[in-house]
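Please open the model in your viewer, with the sequence panel beside it, and follow the stops below in order. At each stop there is something to select and a short account of what is there.

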Amino acid sequence: MSADDYDRFADDYEAENATSLLNAYYERPAVLDLVGDVQGKRILDAGCGSGPLAAELVARGADVTGFDGSPAMIDLARRRLGGTVPLTVHDLAEPLPFEDESYDVVVASLVLHYLEDWDGPLAELRRVLRPGGRLVASVNHPFAQVLNAPEDDYFRTRLYSEDVELNGQTTELTFWHRPLREVVRAVTEAGLDLRVLDEPGPSKDTPPELMPPRIASGERSAFFCFLFVVAERPGVVH
């Protein structure tokens, strides 16, 4: 999707992101759990959106920098974060405007699945990581397409669209599906060591009214949404 698409519905996306099951009580807590202790660490929030993850990382003691391709999202992030986080409008598909080995952690929260090509972006994310630094990323789970579109070729990297509700408004979002083997290939060929593939459930703090009945009753297979990846740049931490 282009930056113009997100500029068009940035306010609705921000409102949905703040309180929804998938964002506020599932994806964001899972990323924070995987990142772990961030006190004093330099973190790059790649595709920071309106800044909710960056705000939480700052509250936990991190030194955060963020960028996003949407000017409207960056405007919302600046309102939320004030001057505490340097923010830049930048397309992740382009070379990053950051120095080599600048960050302890890069977080890429629900952003890579908008890109057809991962090789260039992952190489850039590796470049800005310090040796021993980690990439923590979340993407649409590739197996979900087997359930949602069984007639499509799972093994082909392809574009697809979904109608999603954002703050009561229905919006079409487009993503790139890639099979799990392509996720792993892209990460490892970028020179990163794959450490974790995770499929967590919703946070234990999720309000009961947000939980669909099948999930609330403990049917774990009823909740199948995102894939979480942790990969490390090889080398000695100094």
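The tour goes from the whole chain to its cores and then to single residues.

**Before selecting anything**

This is a predicted model, in which local features need pLDDT of at least 70 and side-chain atom pairs count only at pLDDT 80 or more, while totals for chains, interfaces and linings use all residues. Residues are numbered from 1 along each chain as its sequence is written, and side-chain values use heavy atoms, with hydrogens and water left out.

**Stop 1: the whole chain**

Show the protein chain as a cartoon, and look for eight helices and nine strands; helices (H or I, at least four residues) and strands (E, at least two) are DSSP runs, numbered from the N terminus. The radius of gyration is 17 Å, close to the 18 Å that the globule rule gives for 238 residues, so the chain is as compact as a globular protein of that length; this radius is taken over C-alpha atoms, and the rule is 2.2 Å times the number of residues to the power 0.38. Along its principal axes, the C-alpha trace spans about 50 × 40 × 35 Å.

Now switch on the surface of the protein chain, whose accessible area comes to about 11300 Å², with 48% of it belonging to carbon and sulfur atoms; accessible areas come from the Shrake-Rupley method with a 1.4 Å probe, and for residues only the protein chains shown count as cover. Of the 238 residues, 49% count as buried, where buried means under 20% relative accessible area, exposed over 50%, and partly exposed in between (1.4 Å probe, protein chains only).

If you colour by charge, you should find 22 positive and 41 negative side chains, with the centres of the two sets 5 Å apart. Lys and Arg count as positive and Asp and Glu as negative, whereas His and the chain ends are not counted; the place of a charge is taken as NZ of Lys, CZ of Arg, CG of Asp or CD of Glu.

**Stop 2: the nonpolar cores**

In soluble globular proteins, nonpolar side chains tend to be buried together. Select L122 and L135, the residues with the most contacts inside the largest nonpolar core, which has 28 residues; such a core is a set of buried Ala, Val, Leu, Ile, Met, Phe, Trp, Tyr and Cys residues joined through side-chain atoms within 4.5 Å. The elements that give two or more residues to this core are β1 (42-46), β4 (103-109), α5 (119-128), β5 (129-140), α7 (180-189) and β9 (226-232), and β5 gives the most, with four residues.

Keep L135 selected and show what surrounds it: leaving aside neighbours within four places in sequence, L135 is in contact (heavy atoms within 4.5 Å) with V106, A108, L122, L125, L129, L192, V229, V230 and A231. Apart from this core lies another, of 27 residues, and you can mark it by selecting Y26, V38, L81 and V85, which are among them.

**Stop 3: D45 and V58**

Go next to D45 in strand β1, which is buried, with a relative accessible area of 1%. Beyond its neighbours within four places in sequence, D45 is in contact with L53, A54, V64, T65, G66, F67 and V107.

Then select V58 in helix α3 (residues 52-59), a partly exposed residue with a relative accessible area of 27%. With neighbours within four places again left aside, V58 is in contact with V64 and V85.

**Stop 4: helix α5 and the loops beside β4**

Select A123 in helix α5, partly exposed at 37% relative accessibility, and draw a distance to A190: the two C-alpha atoms are separated by 5.1 Å, although the residues are 67 apart along the chain.

In the loop between β3 (87-89) and β4, select E101, which is not a glycine but has a positive phi of about 50 degrees, and which counts as partly exposed at 38% relative accessibility. E94 is found in the loop between β3 and β4, and its C-alpha atom is separated by 8.0 Å from that of G120, 26 residues apart along the chain.

Is L110, in the loop between β4 and α5, buried or exposed? L110 is buried, with a relative accessible area of 11%, and its phi is near 50 degrees, a positive value in a residue other than glycine.
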